[in-house]
Amino acid sequence: MQTQTITYYNQNATSFTQDTISVDFSETQNHFMSNLPAGARILDFGCGAGRDTKCFLQHGFHVDAIDGSEKLCTFASEYTGIHVQKMLFQDLDVKNVYDAIWACASILHLPKSELGPVLKKIQLALKENGILYTSFKYGEFEGERNGRYFTDFTIESFEKFMEDFSGIEIEEYWITKDVRPNRGEERWLNLILRKK
């Protein structure tokens, strides 16, 4: 499942980079950063071409970035000026390191059966009171779509999904339209979770 999605990104890295690198995502980025102390340590978890990593670096944050696609790691390393590590979400294995984790349209590629364990790893990686920003396509679909695997959520289905978790909770959510050109009909569920 994940292999197929990673293959997609390796094969389409150039077009994906062109589609996403210059998208104005400042409203969500600024909202996320407003929750953080100065100089906070952020993990960009599935950084794609590095758009958000670069933004956070420019605002004085310490950023680690990972992605499962070798090609996107290469693009992102060149674009951001930092080493972007090739890594699967399941391989995250640190404790109490990050003030915040940014998983923008990334962990949505995991089936629910894998998403739960990865969320637990995220929870461990966050410092106490740390935050996770994540986003999913809005809906109830789970499966392959255009060569990639997707798990969609509504707020109701995500709240139900989170019932098994203690120590991390939904702090806020909002629904947005897709910011890419000609994608305005797509809606996204944006969430901030906080480790208690």
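**Strand pairing and helix packing**

In the predicted model, Phe45 stands opposite Ile66 of strand E2. The strands concerned are E1 (residues 41-45) and E2 (residues 62-67), which pair in the parallel sense over 5 bridges. Both belong to an open sheet of 7 strands, arranged in the order E3-E2-E1-E4-E5-E9-E8 and with mixed pairing. The edges of this sheet are occupied by strand E3 (85-86) and strand E8 (168-177). Each of these has a single partner strand, so one side of each is left without a neighbour in the sheet.

Helix H6 (residues 112-125) packs on the sheet. The strands touched by H6 are E1, E4 (98-103), E5 (126-137), E8 and E9 (187-195). The direction of H6 makes about 145° with that of E5.

A further packing arrangement involves two helices. Two packed helices are described by the angle between their axes and the distance between the axes. For helix H2 (residues 13-20) and helix H5 (residues 70-80), the angle is about 45° and the axes lie 10 Å apart. Because oblique covers the angles left outside the roughly parallel, roughly antiparallel and roughly perpendicular ranges, H2 is oblique to H5. The crossing of H2 past H5 is right-handed. On the H2 side, the contact is made by Ala13, Thr14, Phe16 and Thr17, and on the H5 side by Lys71, Leu72 and Phe75. By residue class, this contact of H2 with H5 comprises 4 nonpolar, 2 polar and 1 charged.

Notes
Residues numbered from 1 in each chain as written. Predicted model: local features only at pLDDT ≥ 70, side-chain atom pairs only at ≥ 80, totals over all residues. Heavy atoms only, no water. Axes fitted to C-alpha atoms, helices over the stretch in contact; angles between N-to-C directions. Helix = DSSP H or I, 4+ residues; strand = E, 2+ residues; numbered from the N terminus. Parallel < 35°, antiparallel > 145°, perpendicular 65-115°, else oblique. Left-handed = near helix turned anticlockwise from the far one by under 90°. Contact = heavy atoms within 4.5 Å. Nonpolar A, V, L, I, M, F, W, Y, C, P; charged D, E, K, R; others polar. Pairing = 2+ DSSP bridges.
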